[in-house]
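Visitor: I'd love a short tour of this protein before I go back to the bench. Could you walk me through it?

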Amino acid sequence: GSSKESDEQYFSHFEPVIRFAVTSDAHISADKTELHGLQRFKSVYDDTYNYAQTQTYKGFDHVFVVGDGADDGSDDSLNMYAKAIKDQGVKYSVETHAVMGNHELTDFTRLDYDTLVNAFKQALGYQTIDFHITIKGFHFIMFSPRDVHWQYDEDNLGPWLDNEIQKALADDPSKTKPIFVFQHLGIKDTVYGSDIQYMERTKDGARVPATVIPSILKKYPQVVDFSGHSHTIISDPRSVYQKEYTAITTGSLSYNVFDIKGASDLHVFATDTYGHCFYSLIDFFFNDDARQFLIFETDKTGASKMIIRDADSHQQVGDPLYFRSFASPNNFRYTLNRINSDPLAEFDNVQIADPVITADSVTYEIPHAKYAQNYRCDLYTEDGLPIKTEYRLSDLWLVPQPPVFQIDFYNLTPNTNYYTQITPVNSWGKPGKNPLTLHFRTSAS
């Protein structure tokens, strides 16, 4: 791909003709006293409108919710969700379309698929749970799961989807416009998190990864496929995946899920909002502070810009992503080639200041390394024998970012020389070349 500067030059005369917001997994619930998801969901509308007002093109054309807007399929939760959509829609004269996720298909009083679907349609005022709409000449195709185990009936949905994409293509003689597709579950092994949970179907009585729908999407480079469910952060580079088509994951407004590439699950510490670590024993690490959504803008040639937003601090996260063309995979730059081309995470001439040393511990703060998704923290004896390795998730995704990151090691022996080495690691699991080293001696007990 070309440099960021040339992107900014290329897009300096970018004039969008459409702007829409995409979000998912707000998990709005009538039961929960904690209503962060509801507040953040409303912020998607407020923030998109306020951002649009600062732009030359001031349109706020639609909101798409890629499932799990409600935390369950009860009337109370669905109505709370529907009321937020209606109130914000009236406030900003904007329409919303939502697909069902697995949570709207979960309710302990209603176990029947049709009953849950009807409750969803009634609350949101829909005739159907699959849509093909056009806005300003762009096509948007959305579809929902087909049973309470949130599987997708590919035998019927596949041909339907293929046909709808064909209609969209027929409407664009230039074959350059993106065709937007939305469904809750991502396609296996595409975007961040889709290696763990992904679209499935039933075959011979067993759940297997979907094959028909992925093979259809692969025929059309114009497809931009948005999925939710993974709760992974949008600002991680793995959240956009381009190969035969473009896939984008839409984050969450309730809790985040993280992984650390290549780390065993026994030695990973996730961080909370304040940069404090907590210990976790699962493959993915949870943080209940999710707040990312995205704004997508496209011009008449199909060139597009994606802005990641923080619904709590009402700020932009990182740099926009630029898509010059969806006409052919030859134009794609957000491919797996980034594993080798993305920058390594490095510290910027950092010295460790004022470590706090006791008889059995050391604690110190470090400034962040740019592009660090996590920090590998190694503890050695004075002679360089490894004692342990831990990984700590970076909080680079937070806006504003906490100014420092805390490192600590416990259960040390009194009166002993040690050293620690902190290596920043990027999202692709590649370590930086300049680790931070601290030599110290524990105090006598």
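Guide: Happy to, and please keep in mind that this is a predicted model. Let's begin with helix 2, which bends by about 25° at serine 43.

Visitor: How many residues does helix 2 have, and what distance does it reach from its first C-alpha to its last?

Guide: Helix 2 runs over residues 36-53, giving it 18 residues. At 1.5 Å a residue, 26 Å would be expected. The computed reach is close to that, at 25 Å.

Visitor: Is serine 43 in helix 2 buried or exposed?

Guide: The buried residues of helix 2 include Leu38, Phe41, Val44 and Tyr51. They pack against several elements, among them helix 3 (75-92) and strand 16 (292-298). Ser43, where the helix bends, is also on the list of residues that are buried.

Visitor: Let's turn to charges. Which residue forms a salt bridge with arginine 146?

Guide: Arginine 146 sits in the loop between strand 5 (138-142) and helix 5 (154-170), and its partner lies 16 residues away, in the loop between helix 4 (113-124) and strand 4 (131-135). The closest N and O atoms of the pair are 2.3 Å apart. The partner is aspartate 130.

Visitor: Is aspartate 130 buried or partly exposed?

Guide: Arginine 146 has a relative accessible area of 27%, so it is partly exposed. For aspartate 130 the value is 14%. Buried means under 20%, so aspartate 130 counts as buried.

Visitor: How many residues apart in sequence are aspartate 162 and lysine 219?

Guide: Their side chains meet in a salt bridge, at 3.0 Å from N to O. Aspartate 162 is buried at 18% relative accessible area, while lysine 219 is partly exposed at 45%. Aspartate 162 lies in helix 5 and lysine 219 in the loop between helix 6 (212-217) and strand 9 (223-227), so the salt bridge ties together parts whose separation in sequence is 57 residues.

Visitor: And how many salt bridges does a search of the whole structure find?

Guide: One of them joins glutamate 390 and arginine 392, and both of these residues are buried. Others share partners, joining Arg40, Arg291, Asp310 and Asp312 into one network. The search of the whole structure finds 21.

Visitor: Last stop, the sheet with the order 20-21-24. Which strands stand at its edges?

Guide: This open sheet has 3 strands with antiparallel pairing. Each edge strand has a single partner strand, so one side of it is left without a neighbour in the sheet. The edge strands are strand 20 (353-357) and strand 24 (404-409).

Definitions and conventions: Residues numbered from 1 in each chain as written. Predicted model: local features only at pLDDT ≥ 70, side-chain atom pairs only at ≥ 80, totals over all residues. Heavy atoms only, no water. Pairing = 2+ DSSP bridges. Helix = DSSP H or I, 4+ residues; strand = E, 2+ residues; numbered from the N terminus. Expected span 1.5 Å × (residues − 1). Bend = angle between axes of the 7 residues up to and from the residue. Buried < 20%, exposed > 50% of the residue type's maximum accessible area, 1.4 Å probe, protein only. Contact = heavy atoms within 4.5 Å. Salt bridge = Lys/Arg side-chain N within 4 Å of Asp/Glu carboxyl O.
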